Amino acid sequence: MTALEAADAPAILVVSADDAVRASLLEPLRRRYALDYRVLEADGATAGAAAIDALLASGGDLALVLADDAAPVEGRGSVFAIARQAFRDARRGLVIEWGAWSDRATADAVLQLMQHLQIDYYVVRPLHSPDESFHRAVTDLLRDWEGAAGKRHRGFTVIGEAAQARTHTLQTRLERGGVPTEQLDPSSPDASALLEQAGVRYAGVPLVRTADGRILSDPDDAALARAYGLTTTLPEETVDVAIVGAGPGGLGAAVFAASEGLDTLVLEAESIGGQAGSSSLIRNYLGFSRGVSGAELAQRAYQQAWVFGARFGHTRRAVGVRAVEGIFELDVAPGDVARARAVVVATGVTYRRLAVSSLRPFVGASVFYGVTAVEARAQSGRDVLVVGGGNSAGQAALHLARYARSVSLVVRGEELAASMSQYLVDQLLAAGVGLITGASVVDAVGGTGVDRLDRVVLERSASGERFEQRADALFITIGARPHTDWLPPEVLRDRWGSIITGLAVLEEGGRRAWLGDPAIDPAPLESSLPGLYAVGDVRRGSVRRVANAAGEGAVVISSVHRHLGSLAAG
């Protein structure tokens, strides 16, 4: 039996009242995708809504809707809105004719539908066969659905209680590493079968079943990384440049350093992508018109740096650095030393922890710092609060709104506009995300489960008034503390710990703060210690955007080349 005949195959739904349009879509879709999807058709929006209702009632799944009509269906909204309500992960494409983007009315319709979260993108009706541009658009949308719905091939399984913080940590580490992972409760039949097959008993701590069938008992980050093929070893020889941190800034530096022939080592203590790796959708990154998740962007950049020859020390944390006769010696936990002629610090920042002691028992179970796809999918039918007013908070709230029953932003200030991109503000309004301004979290109350949040207590900044707000989960994306405690005192920092670079070194610390040649000013991204640079959020004055960090990573390599040249000349 083919997937086309199987009742549980995900569906691609084509909706058009025009027989010619419908036929032009159905033929290439069935020829290319019929073995893996049910390709369904509806001769208009009303029939499309009925098809979605029938699919939902039968327990089926909807991967993609392609329709050329966004008109409301009997007061229910467009077929796109109906699809989004019934199948949160389904992707939706507006079908347009080739060249129609030059028509003002069509362009306005596309922009409005995207702005109001009705569609994910537009799809141009195929002109010939095969039309690979059409298939690329369809495949991209299906790939987005596959990732959002957790349908990708699962080589790893985490067996542990969902409410246990360590279970969540292991699953998140794997997902952020680009490894789709299934989580099973230890008492489930599937988990019991896997454990019995392996001859292992569950003893209260999470287990990880690897792609080759091994069972790891609560592995640390290094063991987990090695299990899915990542290296944690460091080179013995001195490299040209060591990059500390594999967020956008560090990866940008790694791509350009390695591509220009520098012997490059990247140290990353946690997951590739840094804080940006947890962003559900970045809409304003150059070259990704439909947007891209932080995790996917990070994995693409990692692969790009790797194929240029950059070496990575995964799960390796730099804990100290010193300059010894023109060479930097980096202390790397646990007990290793890496040597480099130049260092780029790209350690980024972490979200500030709320000083609310009653939240601590819930961290990792129903209170999270940042948000990934793992946590988002688990909020189906729940009431969720997001604390923060920046772009990270907006992206988190928008992603959570796909799954949660309700999502509200809690913001200390009185408005969002000062700290959030306008496109995000507009989309949050369109998604029905609530807004609680001028308030902060001061207490938490648990529910019936020991690790489950039930509600939080908020306090008005102006009046001191306290009130309770329902919250099954709380996502915190506020403040930012730079990772610079490991740097020596010679590296000039501000009172928050951000590294001061460029001419600001001279302005802040005077000429004596600059430890380089008095006749030469520090380079724009150079710290007070010659040959040690800072890029991205860890640097004072950096604009906290993914594109900015990646750009700084690219730019800094020209300064690294000059520094290496001066070493060779000296």
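Colleague: How many aromatic pairs does the structure hold?

Modeller: This is a predicted model, and the structure holds seven aromatic pairs. One of them joins phenylalanine 156 and tyrosine 228.

Colleague: What makes phenylalanine 156 and tyrosine 228 an aromatic pair that is edge-to-face?

Modeller: Let's take the two values in turn. A pair of aromatic rings is described by the distance of the centres and the angle of the planes. Here the ring centres are 6.2 Å apart and the planes make an angle of 90°. Centres must lie within 6.5 Å to pair, and planes over 60 degrees apart count as edge-to-face. Both conditions are met, so phenylalanine 156 and tyrosine 228 are an edge-to-face pair.

Colleague: How do you know that the pair links distant parts of the chain?

Modeller: Phenylalanine 156 belongs to strand S6 (residues 156–159), while tyrosine 228 is in the loop between helix H8 (221–227) and strand S10 (239–244). They are 72 residues apart.

Colleague: Why is the contact of arginine 32 with glutamate 132 called a salt bridge?

Modeller: The closest N and O atoms of arginine 32 and glutamate 132 are 3.0 Å apart. The cut-off is 4 Å between a side-chain nitrogen of Lys or Arg and a carboxyl oxygen of Asp or Glu, so this pair counts as a salt bridge. Arginine 32 is in helix H1 (residues 19–33) and glutamate 132 is in helix H5, 100 residues apart. A search of the whole structure finds 36 salt bridges.

Colleague: How many salt bridges does the rule find across the interface of domain 3 and domain 4?

Modeller: Zero. The rule also finds zero residue pairs in polar contact there, counting pairs with both residues at pLDDT 80 or more. By class, the side of domain 3 that touches domain 4 has two nonpolar, five polar and two charged residues.

Colleague: What is the area buried between domain 3 and domain 4?

Modeller: About 730 Å², with carbon and sulfur atoms giving 38% of it. As for the bounds, the domain assignment gives domain 3 as 239–349 + 482–569 and domain 4 as 357–478. Their C-alpha centres lie 32 Å apart, and the contact takes nine residues from domain 3 and nine residues from domain 4.

Colleague: Which value of omega goes with the cis peptide bond from serine 129 to proline 130?

Modeller: Omega is near -5° for that bond. Proline 130 lies in the loop between strand S5 (121–124) and helix H5 (132–148). The bond from alanine 333 to proline 334 is also cis, with omega near 5°, and proline 334 is found in the loop between strand S14 (327–333) and strand S15 (336–345).

How values were computed. Residues numbered from 1 in each chain as written. Predicted model: local features only at pLDDT ≥ 70, side-chain atom pairs only at ≥ 80, totals over all residues. Heavy atoms only, no water. Domains from an automatic or database assignment. Contact = heavy atoms within 4.5 Å. Buried area = accessible area lost by both parts, 1.4 Å probe. Polar contact = N/O pair within 3.5 Å; in protein donor to acceptor, adjacent residues only side chain to side chain. Nonpolar A, V, L, I, M, F, W, Y, C, P; charged D, E, K, R; others polar. Phe/Tyr/Trp six-rings, centres within 6.5 Å; stacked < 30°, edge-to-face > 60°. Helix = DSSP H or I, 4+ residues; strand = E, 2+ residues; numbered from the N terminus.
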